[in-house]
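Me: Hi! I've just opened this one and would like a quick tour. Where should we start?

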Amino acid sequence: MSCLTSLAVTLLFLADGPPTALDIVSALETATTQAIARAQPSVVAITRIRGDDPELTTAIRGQHPDRLPPAPRVGIDGGAAPGSPGDFAAPGDFSAGVVVGDRGEILTTYHTLRGAERIWVRANKQEFEAEILAADPRSDLAMIAPRAGMDREAPKLPPLKIGDAVKMKPGTFLIALGNSYNAGRDGRASASMGILANTARRVHAPPVQEGVAVKGQFFRYQPTLLQLDSKLNTGMSGGAVINMRGELVGLTTAAASPVGYDVQAGYAIPMDALGQRIVETMKLGKEVEYGFLGVSLQEDVPNAIKSVSPGTPADRANLLTNDLILAVNDRPLDPEDGVTMALANVPAGETVRLKILRGGKVIEAPVLVSKYPVAGPVIASNRPDDWRGLRVDFTSALNPDGRNVMDLMAMGGIGVVEVRPGSAVDQAGLKKGTVITEVNGQPVVTPADFTRAVNAATGKDVTLTLSAQFGDLQGQKVLVKK
């Protein structure tokens with residue numbers, strides 16, 4: 001029972017007669033103010049300060065310089081005001097965030113942090129510098145936290161409870177809290193109220209323009225956005241959308257507006273099962289991964305396989321053209337974007353159960369999924385240690401280098417995504433983009449296979465076999481010394 005409903009019921013029992021219109025309005029006011037009071041201490045104002053390269057993000061835990069100059073201050077009217085409380089950045093570089101962790105982890109949107117050299121946060125008259133723990137360009141979500149090693153008392157940041165966005169229906173009362181027009185100079189969020197206009201909305205991306213960063217490439221522009229009837233003004237990106245219990249059910253994003261429409265239309269990223277998985281992963285500073293089959297789908301028959309490429313998880317699981325995918329891990333698929341959305345809930349390297357309709361019969365097929373290729377820089381401050389200067393990933397993760405994903409996966413093996421200069425791997429001649437198919441003669445299909453194989457050879461020289469389709473070193477065996 002919602003706060004509003006319980007208050008209305010209380011009025012019915014306690015009033016001398018039937019509740020008046022004023023009683024109902026008062027109940028709504030009480031429920032609204034209580035929800036805002038619960039959530040407001042957890043919503044913060046964020047300021048991004050860019051460096052010399054506006055596209056280079058350096059405010060990352062473990063990667064930014066140890067010593068940075070003092071943050072520039074400008075007065076509220078734009079004039080210099082040294083030593084006085086003022087704004088931290090030029091107009092437009094402000095947004096909001098929501099505290100979701102016990103150690104001060106703050107959830108916000110990725111596009112509002114991109115290119116940040118410094119990140120400043122204000123929360124309930126507290127002011128501190130923050131850094132990025134993880135950022136995922138596919139979901140447009142990012143996690144920041146108070147900068148490590150600050151010579152000051154840790155800020156007091158109460159986390160906001162996360163609710164279930166799946167159960168909401170159109171007409172549900174919702175409250176948006178954020179840093180509207182950078183009004184949150186005192187760290188106290190502004191609130192607006194409305195209803196859930198619709199669920200699982202698709203917002204089309206703007207066309208690609210030369211030299212312009214395209215925000216609409218984000219994964220959430222597929223049909224998962226919440227649509228609010230309230231406007232989300234500039235600065236509301238990354239703010240909280242709460243229900244009448246004061247629980248976080250969505251994160252506002254001002255990057256969702258379609259070309260030619262009201263740029264302040266209200267959309268939010270839902271805290272559904274996928275949203276909550278992303279939050280928990282990024283709180284640990286880890287990369288968010290999404291499952292990938294490696295098939296093309298038919299346009300006229302939803303979730304029917306058009307083709308299966310060699311070397312892909314679908315090929316290894318013997319999926320066939322015209323197979324109709326009915327469910328993923330017992331989750332029935334929607335006609336629109338069903339396979340993509342279902343696999344988004346599955347981390348790369350896990351085995352899923354597909355329910356397939358083939359030749360009039362329903363069969364089950366276990367598939368070890370690969371990794372969905374994500375365009376754009378993925379930020380993860382918590383990564384496993386490299387092996388002799390080498391980091392590997394699924395070959396599908398090499399797509400940002402410009403090669404066709406299916407061609408890469410057809411090579412088999414795993415891809416080299418990073419080589420530390422001067423390391424043993426660097427001296428052996430391996431380069432970023434190399435595809436490794438065997439470790440000491442043992443085939444490797446996933447990064448986990450590679451890790452197990454090299455761990456078994458600790459303290460020994462290791463022979464890596466490269467794909468027969470890769471560049472100057474194709475088909476060669478490379479010795480990596482201990």
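Reply: With a term: helices (H or I, at least four residues) and strands (E, at least two) are DSSP runs, numbered from the N terminus. This is a predicted model, in which local features need pLDDT of at least 70 and side-chain atom pairs count only at pLDDT 80 or more, while totals for chains, interfaces and linings use all residues. Residues are numbered from 1 along each chain as its sequence is written, and side-chain values use heavy atoms, without hydrogens or water.

Me: Great. Which strands does H2 lie across?

Reply: Helix H2 crosses S7, strand S8 (190-201) and S10, and its angle to S7 is about 40°. Such angles run from 0 to 180 degrees between N-to-C directions, with axes fitted to C-alpha atoms, for helices over the stretch in contact (heavy atoms within 4.5 Å).

Me: And what order do the strands of the barrel take?

Reply: Six strands close up as S7-S8-S9-S12-S11-S10, with antiparallel pairing; pairing takes at least two DSSP bridges between two strands. From one strand to the next, the twist averages 45°. S7 and S10 are joined by three bridges, and isoleucine 175 has isoleucine 242 of S10 as its bridge partner.

Me: What else does isoleucine 242 touch?

Reply: Not counting neighbours within four places in sequence, its contacts include Ala35, Ile36 and Ala39, along with Phe173, Leu177 and Leu248. Ile242 is also one of the residues with the most contacts inside the largest nonpolar core, together with Leu107, Leu177 and Met282. That core has 33 residues: buried Ala, Val, Leu, Ile, Met, Phe, Trp, Tyr and Cys joined through side-chain atoms within 4.5 Å. Among the elements giving two or more residues to it are helix H2 (21-39), strand S5 (126-136), strand S7 (173-178) and helix H3 (273-283).

Me: How many of the residues in H3 are buried?

Reply: Eight of eleven, so H3 is mostly covered; buried means under 20% relative accessible area, exposed over 50%, and partly exposed in between (1.4 Å probe, protein chains only). Leu274, Ile278 and Met282 are among the buried ones, as are Arg277 and Lys283. The cover includes strand S3 (106-109), S5, S6, S12 and helix H5 (338-344). Just past H3, glycine 285 has a positive phi of about 75°.

Me: Changing topic: which strands stand at the edges of the open sheet?

Reply: The four strands run S17-S16-S18-S19, paired antiparallel. Strand S17 (331-332) and strand S19 (361-368) each have a single partner strand, so one side of each has no neighbour in the sheet.

Me: How do S18 and S19 meet?

Reply: Strand S18 (residues 351-358) pairs with S19 over eight antiparallel bridges. Valine 352 is matched with valine 367, and lysine 355 with glutamate 364. The two strands form a hairpin with two residues between them, and glycine 359 in the turn has a positive phi of about 60°.

Me: Nice. Serine 370, buried or exposed?

Reply: Buried, at 4% relative accessibility. Serine 370 lies in strand S20 (residues 370-371), and beyond neighbours within four places in sequence its contacts include Tyr290, Phe292, Phe394 and Met409.

Me: Last one: what do the buried residues of H8 pack against?

Reply: Strands S22 (390-394), S23 (414-419), S24 (435-439), S25 (442-443) and S26 (462-466). The buried residues of helix H8 (residues 447-455) are Pro447, Asp449, Phe450, Ala453 and Val454. On the face turned away from them sit the exposed Arg452 and Asn455.
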